[in-house]
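Biologist: Please take one part of this model and go through it closely. I would like to know how its strands are paired and what lies against them.

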Amino acid sequence: MSVKHAKPNFSQSQVAEMVKRLFGLTESEISSLPSYDDQNFFIDPIEGGKYVLKIMNSEDSKNPALIEVQTHAMSFLHQNGLPAQTALPNISGQLMSLEEIDCGYGSQKYLVRLLTYLPGTTISKVPLTPQLLYETGKMAATMDTILQEMVHPHLAVLERENFIWNLSNLPLLEPYIHLFDGNPLEKVVKYVLYQYKTFVTPKRCNFRKCINHGDFNDLNVLVQPDGRDGHRISGILDFGDMHSGYYIHELAITIMYMMTEHPKPIEVGGPVLAGWESFLPLNEAEKDCLYVLVLSRFCQSIVLAHYSVSLHPENEEYLMITSKNGVHTLSQLWELGKEQVEKLWFQTAAQFSDKK
């Protein structure tokens, strides 16, 4: 999101007033939580319970139907046993409200929701054991399978034509390749785009359609100790990139982001793939395209990070978090090649499944 001043900048006193007015809660503690486009606050009211107040940026707040579907999806997953947040109704009985407030940039409108607080730490902060990677792949497949059963009058908003984070829209990166002028990475990105257009696109008709979470990354998955020296998944966060897509896209996205946090990233694909296929086996076209789709997600992340830095150079450190590790891993995947990487992933997945 590049629109200047679209991100909210609410003070704690404004948040306290809003929580009291909208939800009848008196805070005993308010603390800011990290967010890129929006503003999130941890709320611990004297009335009991723990919550997250999510204030959407002013641009996304112009599309309430999309936020309504995202909110419904979270509730639907929760009802089906997955650890997603749910929204609490305000005193008017609504799950979100549009607030017009001046938080330093003039009067703007922001959609506000109060979400349940999920305990745990991000998966980025714990050892990514093969078993945890297996559970992550299984959770991603379970999530998309459940979302595919969801019914809502506004589901069509998830089509999101030209949404740049949809893997179906990889060619939309082409206008940004000039940012790598002279950088060896330019050659890799061009190669991936060529492989995508000539190899993946013709096979897409054989991919199975679904609704994608679209951002199942290392900061959007929460875990807690499982009592056996390991961890279990305790939360799924941030449905802001939800869109109509394909099952294989979610798997590629999950593998890519888990690779960014692993000391031996190439080894991640096998356990994640085994977990995914324990719930939803891939068809031949999906198997054949997995490698290029993982590279494609790396390209999306790296290219768009560089573009964001060109707009906001003062925020380079934060914007390049994933990109720094991703550049090395993308180059490594490219140098190893499709045949060698796929052999490792699919053999490891088969061995992992045999032990189950």
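Modeller: This is a predicted model. Start with strand S7, residues 121-122, which pairs with strand S9, residues 221-225, in the antiparallel sense over two bridges. One residue to look for here is Thr122, whose bridge partner in S9 is Leu222.

S9 also pairs with strand S10, residues 231-236, again in the antiparallel sense, over five bridges. Among the residues of this pairing, Gln224 has Arg232 in S10 as its bridge partner, and Pro225 is bridged to His231 of S10. Between S9 and S10 there are five residues, and the two strands form a hairpin. Gly227 sits in the turn of that hairpin and has a positive phi of about 85°.

Put together, the three strands make an open sheet in the order S7-S9-S10, with antiparallel pairing. S7 and S10 are the edge strands, each pairing on one side only. As a rule, side chains in a regular strand alternate between the two faces of the sheet.

As for what lies against the strands, helix H3, residues 130-147, lies across S9 and S10. The helix runs at about 30° to S10.

For the wider setting, an unreviewed UniProt entry lists residues 33-265 as "domain: Aminoglycoside phosphotransferase". In the model, the span of residues 33-265 is 27% helix and 22% strand, and its end C-alpha atoms lie 28 Å apart.

Terms used: Residues numbered from 1 in each chain as written. Predicted model: local features only at pLDDT ≥ 70, side-chain atom pairs only at ≥ 80, totals over all residues. Heavy atoms only, no water. Pairing = 2+ DSSP bridges. Helix = DSSP H or I, 4+ residues; strand = E, 2+ residues; numbered from the N terminus. UniProt positions renumbered as here; feature names shortened; annotations may be inferred. Contact = heavy atoms within 4.5 Å. Axes fitted to C-alpha atoms, helices over the stretch in contact; angles between N-to-C directions.
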